[in-house]
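Here is a short set of exercises to work through with the model open in your viewer. Try each task before you read its solution.

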Amino acid sequence: MRKERMEKRSEEKIKKIEKMNRAKESGQKIVLDLEFSDLMTSNEIHSLVQQIMYCYAVNGRCNLPANLWLTGCGGELQTQLQRIPGFDKWMIEKENRSYIEAFEHQKENLVYLTADAETVLDDLDQKKIYIIGGLVDRNRWKGITMKKANDQGISTAKLPIGSFLKMSSSQVLTVNQVVEILLQFSETRDWKTSFFQVIPQRKRCEAEAEAEAEEQEDDADQADIKKKCIQQPSSDDEDSPT
Ligand SMILES: C[S@@+](CC[C@H](N)C(=O)[O-])C[C@H]1O[C@@H](n2cnc3c(N)ncnc32)[C@H](O)[C@@H]1O
């Protein structure tokens, strides 16, 4: 039994490695820009490291993983990342240079995702390289990624949140939420589903949350109905021949 379990586990491991190798070759490129280390407190860097760990785990679990990059890593952020057990073996691209250097021949394909952009991201383009600002700042550094992208002359885009839901506060999401939305969208090609899966109910407007709660109640009612149908056969069923 133990041997079987071990064999199953090693098969799963091999499959996962194959999946991650495919992602490295042909997965959607998503870059976490880690050049903001100096603008964060130690606690904020710690939170960012947790978010990066979460991104890595979610990417490894999903059916269609992205080709995840960490670029511009240095300072305390690098020190904290290197303290993560097994970080050296992570199947992720680690690049000390900035994305602008690492992708210098593909500058036209770089798209910085920022809530301050005018352009709305309608779809993901396999050729493009989507950059997410590695920043935990409670929006203290308002507009910093937009300014950086503009200064570098690269495209910007915001997630189409406003087209699908109302937020109770700002539309600025955390790094892991943005990564998870992109991963969900890669699989479903459906923004609404992706937002509802990832953005917590408390961040959404009450009307939205209520509508979803009603939907969930309907689903629960439906499940209840099904359960009852199974438990209590109708009189027709009772009369049916066995
Ligand atoms: C916590 S936010 C950082 C906010 C920071 N003040 C800024 O100017 O970008 C982390 C990153 O997630 C991405 N992000 C957050 N909300 C977004 C949205 N609504 N659309 C596109 N990207 C978003 C951006 O790349 C952003 O830099």
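**Exercise 1. Check the length of α7 in this predicted model.**

Solution. Start with the expected value: at 1.5 Å a residue, the 14 residues of α7 should span 20 Å. The expected span is 1.5 Å times one less than the number of residues. Next, take the end C-alpha atoms of α7, which are 20 Å apart, so the expectation and the model agree. To finish, look just past the helix: Arg189 follows α7 and has a positive phi, near 55°.

**Exercise 2. Find out how far α7 is covered, and by what.**

Solution. Begin with the count: 11 of the 14 residues of α7 are buried, so the helix is mostly covered, given that a buried residue has 20 or more other C-beta atoms within 10 Å of its own. Now name them: Val175, Asn176, Gln177, Val178, Val179, Glu180, Ile181, Leu182, Leu183, Gln184 and Phe185. Then look for the cover over these buried residues, which includes β1, α2 (42–61), β4, β5 and α8 (191–198). For the direction, note that α7 lies across β1 (29–33), β4 and β5, and runs at about 155° to β5.

**Exercise 3. Work out the order of the strands in the sheet.**

Solution. First take stock of the protein chain, which has 10 helices and six strands. Six strands form an open sheet with parallel pairing, and their order is β3-β2-β1-β5-β4-β6. The edges are β3 (93–95) and β6, each of which pairs on one side only. As a last step, consider the twist: neighbouring strands of this sheet are turned by 25° against each other on average, with direction ignored.

**Exercise 4. Place strand β4 between its partners and decide whether its faces are covered or open.**

Solution. Take the partners one at a time.

- β4 and β5 (residues 129–133) run parallel and are joined by four bridges. Within this pair, Leu110 stands opposite Ile129, and the bridge partner of Tyr112 is Ile131.
- β4 and β6 (residues 155–157) also run parallel, with three bridges between them. Here Leu113 stands opposite Ala157.

Now turn to the faces. In a regular strand the side chains alternate between the two faces of the sheet. In β4 (residues 110–113), Leu110 and Tyr112 are on one side, while Val111 and Leu113 are on the other. These four residues are all buried, and both faces of the strand are covered.

**Exercise 5. Describe the shell of residues around the ligand.**

Solution. Count first: there are 22 residues around the ligand. Those that come nearest are Leu113, Ala115, Gly133, Thr145 and Leu173. Leu113 is a residue already met in β4, where it is buried. Next, sort the shell by character, which gives 12 nonpolar, seven polar and three charged residues. Finally, ask which elements contribute: β5, α5 (144–152) and α7 (175–188) each supply at least two residues of the shell.

**Exercise 6. For Leu165, Leu39 and Arg140, say whether each is buried, partly exposed or exposed.**

Solution. Go residue by residue, and count the other C-beta atoms within 10 Å.

- Leu165 sits in the loop between α6 (161–164) and α7. The count is 21, so Leu165 is buried. Its C-alpha lies 8.6 Å from that of Phe196, although Leu165 and Phe196 are 31 residues apart in sequence.
- Leu39 belongs to the loop between β1 and α2. With 14 such atoms, Leu39 is partly exposed. Leaving aside neighbours within four places in sequence, Leu39 is in contact with Asp137 and Trp141. The C-alpha atoms of Leu39 and Trp141 are separated by 8.4 Å, with their positions 102 residues apart along the chain.
- Arg140 is found in the loop between β5 and α5. Its count is 12, and because 12 or fewer counts as exposed, Arg140 is exposed. Arg140 and Met40 are 100 residues apart in sequence, and their C-alpha atoms are 9.9 Å apart in space.

**Exercise 7. Set these cases against the whole protein chain.**

Solution. Of the 242 residues in the protein chain, 29% are buried. Among contacts with a separation of 6 or more, 77% are between residues 24 or more positions apart.

Conventions: Residues are numbered from 1 along each chain as its sequence is written. This is a predicted model: local features need pLDDT of at least 70, side-chain atom pairs count only at pLDDT 80 or more; totals for chains, interfaces and linings use all residues. Two strands pair if DSSP finds at least two bridges between them. A residue is near a molecule or strand if its C-beta atom, placed from the backbone, lies within 6 Å of it. Ala, Val, Leu, Ile, Met, Phe, Trp, Tyr, Cys and Pro count as nonpolar, Asp, Glu, Lys and Arg as charged, and the others, Gly among them, as polar. Axes are lines fitted to C-alpha atoms, for helices over the stretch in contact, and angles run from 0 to 180 degrees between N-to-C directions. Two residues are in contact if their C-beta atoms, placed from the backbone, lie within 7 Å.
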